[in-house]
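Please read this briefing alongside the sequence and the coordinates. The topics are surface patches, buried positions and salt bridges.

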Amino acid sequence: MKKILFLGFHHNVNDPRLVYREMALIKSKCNDLKIFMIQKKKEKIKTIKIRTKKIFFFNNEFTNIEVIFPKKKNLIFWRIIQKLQLIRKINKIIKEIQPDIIQASHAGELLISFISGRRVNANLIYDSHEDYFNQILEYQGKTLKAYIKAIYIFLYELILIRFHDKVFCTDEYLLQKYCKPFYGAKEVSLMRNFPYVFNKRGINKGFYEKKRLKLVYIGSVNKFRGVLECANYVKKFNKRFKDKNLTLDVFAAKSEIIEKLKREKLINYHPYINYLDLLKMMELYDLGVCLWLPIKKYFRNLPLKNFDYMGVGLPIITSNFGNLKIYIERSKSGICIDPKSYIQFERAVLEMFDTKKRKRFSDNGKAFVKESASFQKEGEEYLNYIGKILK
């Protein structure tokens with residue numbers, strides 16, 4: 001039986017792209033295939049341990065292997081020793097699995113995929129999700145430490161991409177980047193974060209007039225993602241209008257921003273849940289929001305969340321720039337606003353109180369996903385490429 005191994009050092013075990021897009025697509029056509037995912041985790045232990053379990057999704061499963069390693073003092077010497085031990089242990093696991101394909105889904109995984117791929121003669125895929133160089137500089141600030149880390153990641157890609165057989169990437173900027181001759185990439189293809197369309201996916205409830213609209217945000221939270229701004233806009237709106245009301249629910253990992261918003265009672269907080277359960281929960285809401293702030297990274301990014309909103313039929317309020325604007329205008333599934341403008345937020349929300357408009361945005365989003373932007377269509381080249389290798 002053929003085998004494919006996903007390196008998941010930088011992703012959750014129920015990651016929406018790796019599991020509920022890529023694995024789901026592979027399993028829809030390749031039943032005689034075993035799927036593995038390796039992850040790493042720090043715990044208070046003395047020696048490296050291995051934890052293996054079966055993870056079920058739809059009517060399929062994959063084997064998840066956690067490499068659990070000790071928490072060490074934050075000294076360069078110990079970090080180097082620990083990294084060498086991890087590489088050795090992971091290489092040993094991969095040698096035992098003998099995968100036909102190894103997929104790296106983060107720049108930091110390229111070295112492991114290269115070393116292990118050579119040892120087991122596997123075909124190598126790099127599935128790039130971010131412009132990692134600029135992400136580090138924008139998130140961490142342009143400090144010496146950030147530049148060193150960013151250059152380190154840049155060199156990983158520059159040196160190691162050429163040894164991978166196929167590169168897939170999530171947006172047009174990355175496609176242009178990896179096609180540049182100095183990367184030496186053999187083949188590069190676009191594979192955007194369009195949603196996997198399920199047979200019964202989408203809100204089935206009727207639309208009716210409401211005095212309260214329930215807003216939802218899903219995904220990571222940081223100071224650039226507009227959650228703070230959105231929470232304060234909701235508070236201001238509720239003070240200004242007595243006959244209308246808004247609530248904001250956030251599904252995300254814990255963070256300082258989340259704790260602050262919880263203390264101030266500006267959001268209803270939910271920790272990360274299983275992706276399929278999340279999609280079901282989203283049917284309880286009226287609007288999906290994504291008010292990313294205008295930093296360079298977000299002009300290029302193509303987020304999962306807006307497509308997930310479309311897939312379940314949520315009208316969307318999002319930022320008026322980059323790919324956020326392009327795909328909302330193509331799908332006609334929502335309203336784009338300046339994320340720094342409360343006035344534009346208020347106008348957009350007031351429009352959304354119109355039942356007919358909400359329904360039209362909902363229908364448009366679901367139709368766009370089904371007809372033009374399903375992952376089943378977007379991932380055809382990915383599926384065909386894997387199919388050729390496994391023949």
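The notes below go through the surface first, then the interior, then the charged pairs.

The model is predicted. Its surface carries a patch of positive charge and also a nonpolar patch, while the salt bridges come to a count of 24. One of these bridges links helix α7 to helix α13, across 106 residues of sequence.

**Surface patches**

- The patch of positive charge gathers Lys40, Lys42, Lys44, Lys71, Arg79, Lys83, Lys145 and Lys149 on the surface.
- Three elements, namely β2 (33-43), α2 (76-97) and α5 (144-160), each supply at least two residues of this positive patch, whereas Lys71 lies in the loop between β4 (60-70) and α2.
- The nonpolar patch on the surface is formed by Tyr147, Ile151, Leu155, Ile159 and Phe163, which together have about 410 Å² of accessible area.
- Tyr147 is found in helix α5, and this residue counts as partly exposed because its relative accessibility is 32%, which falls between the 20% limit for buried and the 50% limit for exposed.
- As background to such patterns, an α-helix has 3.6 residues a turn, so residues three or four places apart point the same way.

**Buried positions and helix α3**

- Arg21, found in helix α1 (residues 18-29), counts as buried because its relative accessibility is 0%.
- The side chain of Arg21 has two polar partners to inspect: one of its polar atoms lies 2.8 Å from the backbone oxygen of Phe194, and a polar contact of 3.2 Å joins it to the side chain of Asp308.
- In helix α3 (residues 110-120), the buried residues include Leu110, Ile112, Phe114 and Val120, and also Ser113, Ser116 and Gly117.
- Just after α3, Asn121 takes a positive phi of about 60°.

**Helix α8**

- Lys260 lies in helix α8 (residues 256-263) and, with a relative accessibility of 32%, counts as partly exposed.
- Between Lys260 and Leu228 the C-alpha to C-alpha distance is 9.2 Å, although the two residues are 32 residues apart in sequence.

**Salt bridges**

- Glu61 and Lys54 meet through their side chains in a salt bridge, with an N to O distance of 3.6 Å; Glu61 counts as partly exposed at 33% relative accessibility, and Lys54 likewise counts as partly exposed, at 45%.
- Lys186 forms a salt bridge with Asp165, in which the closest N and O atoms are 3.7 Å apart. Lys186 lies in the loop between α6 (172-178) and β8 (188-190), and Asp165 in the loop between α5 and β7 (166-169), so the pair ties together parts that are 21 residues apart in sequence. Lys186 counts as exposed, because its relative accessibility is 51%.
- Arg240 forms a salt bridge with Glu346, and here the closest N and O atoms are 2.7 Å apart. This pair links distant parts of the chain, with Arg240 in helix α7 (residues 227-240) and Glu346 in helix α13 (residues 342-352). Glu346 counts as buried, because its relative accessibility is 9%.
- Lys41, Glu43, Arg51 and Glu66 are joined into one network by salt bridges that share partners.

Conventions:
Residues are numbered from 1 along each chain as its sequence is written. This is a predicted model: local features need pLDDT of at least 70, side-chain atom pairs count only at pLDDT 80 or more; totals for chains, interfaces and linings use all residues. Side-chain values use heavy atoms; hydrogens and water are left out. Patches are made of residues with over 30% relative accessible area and no salt bridge: like charges are joined within 9 Å, nonpolar side chains (Val, Leu, Ile, Met, Phe, Trp, Tyr) within 5 Å. Accessible areas come from the Shrake-Rupley method with a 1.4 Å probe; for residues, only the protein chains shown count as cover. A salt bridge is a side-chain nitrogen of Lys or Arg within 4 Å of a carboxyl oxygen of Asp or Glu. Lys and Arg count as positive and Asp and Glu as negative; His and the chain ends are not counted. The place of a charge is taken as NZ of Lys, CZ of Arg, CG of Asp or CD of Glu. Helices (H or I, at least four residues) and strands (E, at least two) are DSSP runs, numbered from the N terminus. Buried means under 20% relative accessible area, exposed over 50%, partly exposed in between (1.4 Å probe, protein chains only). A polar contact is a pair of N or O atoms within 3.5 Å; within protein, one must be able to donate a hydrogen and the other to accept it, and residues adjacent in sequence count only if both atoms are side-chain atoms.
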